Amino acid sequence: MTKISRCCKSDTIKRIIMLLLCWSTFTADAATYVSGLIATNTTWTKANSPYIVNGSLAVDSTVTLTIEPGVTVRVDSACLFYVDGRLIAEGTVTDSILFLPNNTANQTKYAWAGIKFRIKGKNDTSSIKYCRFERGYNAIMNEGTNLYVYNSVFRNNTTAINLWPSPPVNYHATISKCLLTQNENGVINGMTSNVPTVFTENELSYNNVGYSSQGGLAQALIANNSFNYNAGGVNLQGGTIPGMTGNTFKGNTGAGVYIVALSLSSPISGNLFIYNDRALVINNLDTGSITNNTLAYNNIGIEHSQNAFNFPNPSGIVIDSNCFTNNVSFNYKESSPIDFQVKNNWWGTASTQGIDSTIEDFYDNLSSGKIGYTPFLTASDGCMAVSPPPQGIPATPMVAGIQIYPSPNNGTFTLQIDNSNFKKAAVQVYDMMGRECYKASITAPKSQITLNQAKGTYILKLRLDQTVVTKQLIVE
């Protein structure tokens, strides 16, 4: 084997660096600057890449902008990118399309506005495949066009994909096989029209909130996705909301799924909940079916609450054929005075005394309702196989010396940091739609946080040196 001297290696590296610098200079000189109205069908080619959007840009109605594989699009921070017609941005596995801020020094999550599909394009269908979006405010904002997004990556955006028609219109959106990671919000779905929306086979990880929705989305399909290590996995709010099937919720530091609704249009069934703080939180659900899920190694399996003025028919909520195993605090927690039955579940044991110890209800807290669980399953047949979390229980990430209390309360919390190296911390609080509602710097070991917000669940994010801690807050 021929040996290469350290000197030769150094010279080789220098030559490579010079080539890269020359290539960088060449590509900068070859940049194509675009702005204004695209009034005829247009193609952006790899040969003329990168394309620099240095003024507000709009694709006119009935017009198609096609972007070839390998193109890089950079957008100045003050520029808007509108699509009133059709955008076809289809890269390949080996040659993706990049959408980035033009200012590479700006590392914030809102370094450019993103692409807005406006309602003028409601009769068009746009397609995005093998693209990467980084550091946009709304990387994709869809106000009313048919949109297909496949095999794409969304990283470090304020909101990766925002489906929020204004005014409400009927359109179809499919998001499939995408990676959404390290965003403030993965997907915000504000569609109020009862039209199909498909969200399948995506991975959402390390976001504040993975997927959140408001309004009646009865026909939405949320299936076979992975929601891993977010502060909150899925948040569903509205009158009639969709169920979900075949998803995995893993290591979310708030709730895997958080529901505030009157009814489920389809079951929450066949999902796996592991290593979350709370696997499934249910508020004010009158009717719905929660069946055949595995909830293992969470802090709490299911937590239920109901407003006293809105007691449901006990038979309207069906929670059966689920597998509760090895949850740290409780398999089931009742946080309101309602009584109802949770039947035909496997509780990790066939002993009634053992089952009682995994349920928190009236017999543990007189302000809670009584939960009946008989008959119950006596074997774990049908449960998904689950391994203990790395390094054992507790399942969710914990950082010693950080407390936030009391929770729940009326909105005034005490944050206590018992850390000898503590000097300064940054605190942000988000609602379950991922909207920031509180922000402060903390310099004292014990500080007060006051949320002037409506009743509900919130997520606190604490940045302490290189450590990020998330906590769930409840305002009553």
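In the predicted model, Asn 183 occupies the loop that connects strand S17 (179–181) with strand S18 (185–189). Despite this loop position, Asn 183 counts as buried, because its relative accessibility is 2%, under the 20% limit. Its side chain makes polar contacts with two backbone nitrogens: that of Asn 156 is reached at 3.3 Å, and that of Asn 157 lies 2.8 Å from a polar atom of the Asn 183 side chain. Beyond four places in sequence, the residues touched by Asn 183 include Lys 109, Phe 154, Arg 155, Thr 158 and Ala 160, as well as Tyr 206, Asn 207 and Asn 208.

One of these partners, Asn 207, is also a loop residue, placed between strand S20 (203–205) and strand S21 (209–214). Asn 207 is buried, since its relative accessibility is 2%. The side chain of Asn 207 comes to 3.0 Å from a backbone oxygen, that of Leu 180. With residues up to four places away in sequence set aside, Asn 207 is in contact with Leu 180, Thr 181, Gln 182, Asn 183, Glu 184 and Gly 186, and also with Asn 230 and Ala 231.

Phe 154, another contact of Asn 183, belongs to the largest nonpolar core. This core comprises 76 residues, and those touching the most other members are Trp 44, Ile 67, Phe 81, Phe 99, Phe 133 and Phe 154. With neighbours within four places in sequence left aside, the contacts of Phe 154 include Phe 133, Ala 139, Ile 140, Val 149, Ala 160 and Ile 161, together with the run of Cys 178, Leu 179, Leu 180 and Thr 181. Leu 180 is thus a contact of Phe 154 and of Asn 207. A further core, apart from the largest one, has 19 residues, including Ile 417, Val 427, Leu 462 and Leu 464.

Aromatic pairs number 13 in the structure. Phe 99 and Phe 133 form a stacked pair, with a centre-to-centre distance of 4.6 Å and an angle of 5° between the planes. This pair joins distant parts of the chain, as Phe 99 lies in strand S8 (residues 97–101) and Phe 133 in strand S11 (residues 131–134), 34 residues apart. Phe 99 is classed as buried because its relative accessible area is 0%, and Phe 133 is buried with a value of 0%. The pair of Phe 199 and Tyr 211 is tilted, because the planes stand at 50°, between the limits of 30 and 60 degrees; the ring centres are 4.9 Å apart. Phe 199 is located in strand S19 (residues 197–200) and Tyr 211 in strand S21, so this pair ties together parts of the chain 12 residues apart in sequence. The relative accessible area of Phe 199 is 1%, and Phe 199 is therefore buried; Tyr 211 is also buried, at 2% relative accessibility. Strand S21, which holds Tyr 211, is one of the two strands flanking the loop of Asn 207.

Elsewhere, ring pairs connect Phe 324, Trp 347, Tyr 373 and Phe 376 into a cluster. Charged side chains are also placed over aromatic rings. The charged end of Arg 118 sits over the ring of Tyr 82, at 3.8 Å from the ring centre. The charged end of Lys 370 is positioned over the ring of Phe 362, with a distance of 5.0 Å to the centre.

In contrast to the buried asparagines described above, Lys 439 is exposed, because its relative accessibility is 60%, over the 50% limit. Lys 439 is part of strand S43 (residues 436–442). Beyond four places in sequence, Lys 439 touches Val 427 and Gln 428, and Val 427 is a member of the 19-residue core. The C-alpha atoms of Lys 439 and Lys 461 are 9.6 Å apart in space, whereas the two residues are separated by 22 residues in sequence.

Across the whole chain, 2 helices and 46 strands are present. The chain has 476 residues, of which 52% count as buried. Of the contacts between residues at least 6 apart in sequence, 55% join residues at least 24 apart. The surface exposed by the chain is about 20800 Å², and carbon and sulfur atoms supply 51% of this area.

Conventions
Residues numbered from 1 in each chain as written. Predicted model: local features only at pLDDT ≥ 70, side-chain atom pairs only at ≥ 80, totals over all residues. Heavy atoms only, no water. Helix = DSSP H or I, 4+ residues; strand = E, 2+ residues; numbered from the N terminus. Buried < 20%, exposed > 50% of the residue type's maximum accessible area, 1.4 Å probe, protein only. Polar contact = N/O pair within 3.5 Å; in protein donor to acceptor, adjacent residues only side chain to side chain. Contact = heavy atoms within 4.5 Å. Core = buried A, V, L, I, M, F, W, Y, C linked by side-chain atoms within 4.5 Å. Phe/Tyr/Trp six-rings, centres within 6.5 Å; stacked < 30°, edge-to-face > 60°. Lys NZ or Arg CZ within 6 Å of the ring centre and 35° of its normal. Areas by Shrake-Rupley, 256 points an atom, 1.4 Å probe, with all protein chains shown as cover.
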